[in-house]
Amino acid sequence: WAVGHEGVILHSSDGGKTWVKQFDGLRYGQEGLEYYQALADADPENDFYPLLVEEMQFAISQGAATKARVALFKGGLIFLAASVVIAQVIHRLINPVLPSYEIMSLFSVAGLLANGLCLLLLWRHRQDDINMSSVYECSRNDIASNMSVLVAAAGVWAFGAGWPDIVVGALLAILLLRSSARVIRGALAELKRTRPLTAHTG
């Protein structure tokens, strides 16, 4: 192992013949923080992003157990988002209204471009640790949400009815529930793994 500037770590498994560049946990956390800060700046009306910025700032300063707790919190947020989508689907079933596909498409394309860039930046760090994995999961869910709105808008335009929006919303809710379960399971497993170490050091 060799440590350099800005969190760069070089690792060799063959006695120094070849080296692989890595980054420490702080650098990964900083990239996640920059991602959420960019989303908060791009969408100041969204109250979730500033909250996630604060959670990332806290996670950077803490160890693996705290990162797992932050990931658990984000899993809860994903579950909350799924619950909101389910509530919207139920509301549209009870009160059917034909949505405006022009407005749906406009906002969805703008969000897709921003979230697509962030997802591209996060791709190579998606399995670095439980916290970055949850950040990637949230980013992928944002992409899925944007794509679902585009598909729903196309369906509303093609059929002149609101049922495509309801169907796509139900599918999105299922995706978010699965994502939430995945993040929560991973966070709980990480907490279980780090608990003996915490007890030993305490």
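A salt bridge is a side-chain nitrogen of Lys or Arg within 4 Å of a carboxyl oxygen of Asp or Glu. Keep that in mind for the exercises below, which use a predicted model.

**Exercise 1. Get your bearings: how many helices and strands does the protein have, and what pattern do they follow along the sequence?**

Solution.
- Start with the count: there are six helices and three strands.
- Next, read along the sequence, where the pattern is β-β-β-α-α-α-α-α-α.
- Now look at burial: of the 202 residues in the protein, 37% are buried.
- Finally, check how the chain meets itself. Take the contacts with a separation of 6 or more: 66% of them are between residues 24 or more positions apart.

**Exercise 2. Find how many salt bridges a search of the whole structure gives, and work out which parts of the chain Asp165 and Arg92 link.**

Solution.
- The search turns up three salt bridges.
- One of them pairs Asp165 with Arg92, and their closest N and O atoms are 2.8 Å apart.
- That pair ties together distant parts of the chain, since Asp165 sits in helix H6 and Arg92 in helix H3, 73 residues apart.
- Is Asp165 buried or exposed? Its relative accessibility is 10%, so Asp165 counts as buried, the cut-off being under 20%.
- Arg92, at 30% relative accessibility, counts as partly exposed.
- To see the surroundings, skip the neighbours within four places in sequence: Asp165 is then in contact with Arg92, Pro99, Met104, Ala152 and Val156.

**Exercise 3. Trace the network of salt bridges that includes Glu137.**

Solution.
- Begin inside helix H5: Glu137 and Arg140 both lie there, three residues apart, about one turn of the helix.
- These two form a salt bridge, with the closest N and O atoms 2.8 Å apart.
- Then move to Arg182, which also forms a salt bridge with Glu137; here the closest N and O atoms are 2.6 Å apart.
- This second pair reaches between distant parts of the chain, with Arg182 in helix H6 and Glu137 in helix H5, 45 residues apart.
- Put the pieces together and you get Glu137, Arg140 and Arg182 linked in a network.
- For burial, Glu137 has a relative accessible area of 5%, so Glu137 is buried. Arg140 is partly exposed at 32%, and Arg182 is partly exposed at 35%.

**Exercise 4. Locate the nonpolar patch on the surface, and say which helix gives the largest share of it.**

Solution.
- First list the members: Phe79, Ile86, Ile90, Leu93, Ile94 and Leu177.
- Together they have about 560 Å² of accessible area.
- Helix H3 gives the largest share, five residues.
- Zoom in on one of them: Phe79 is in helix H3 and is partly exposed, with a relative accessible area of 45%.
- For the wider view, the protein exposes about 12,100 Å², and carbon and sulfur atoms supply 65% of that.

**Exercise 5. Work out whether Ala65 and Ser148 are buried or exposed, and where they sit.**

Solution.
- Ala65 belongs to helix H3, which covers residues 64–94.
- Its relative accessible area is 14%, so Ala65 is buried.
- Compare distances for Ala65 and Leu188: they are 123 residues apart in sequence and 9.8 Å apart in space, C-alpha to C-alpha.
- Ser148 is found in helix H5, residues 130–159.
- With a relative accessible area of 11%, Ser148 is buried.
- Leaving out residues up to four places away in sequence, Ser148 touches Val168 and Leu172.

Note on methods. Residues are numbered from 1 along each chain as its sequence is written. This is a predicted model: local features need pLDDT of at least 70, side-chain atom pairs count only at pLDDT 80 or more; totals for chains, interfaces and linings use all residues. Side-chain values use heavy atoms; hydrogens and water are left out. Helices (H or I, at least four residues) and strands (E, at least two) are DSSP runs, numbered from the N terminus. Buried means under 20% relative accessible area, exposed over 50%, partly exposed in between (1.4 Å probe, protein chains only). Contact means heavy atoms within 4.5 Å. Accessible areas come from the Shrake-Rupley method with a 1.4 Å probe; for residues, only the protein chains shown count as cover. Patches are made of residues with over 30% relative accessible area and no salt bridge: like charges are joined within 9 Å, nonpolar side chains (Val, Leu, Ile, Met, Phe, Trp, Tyr) within 5 Å.
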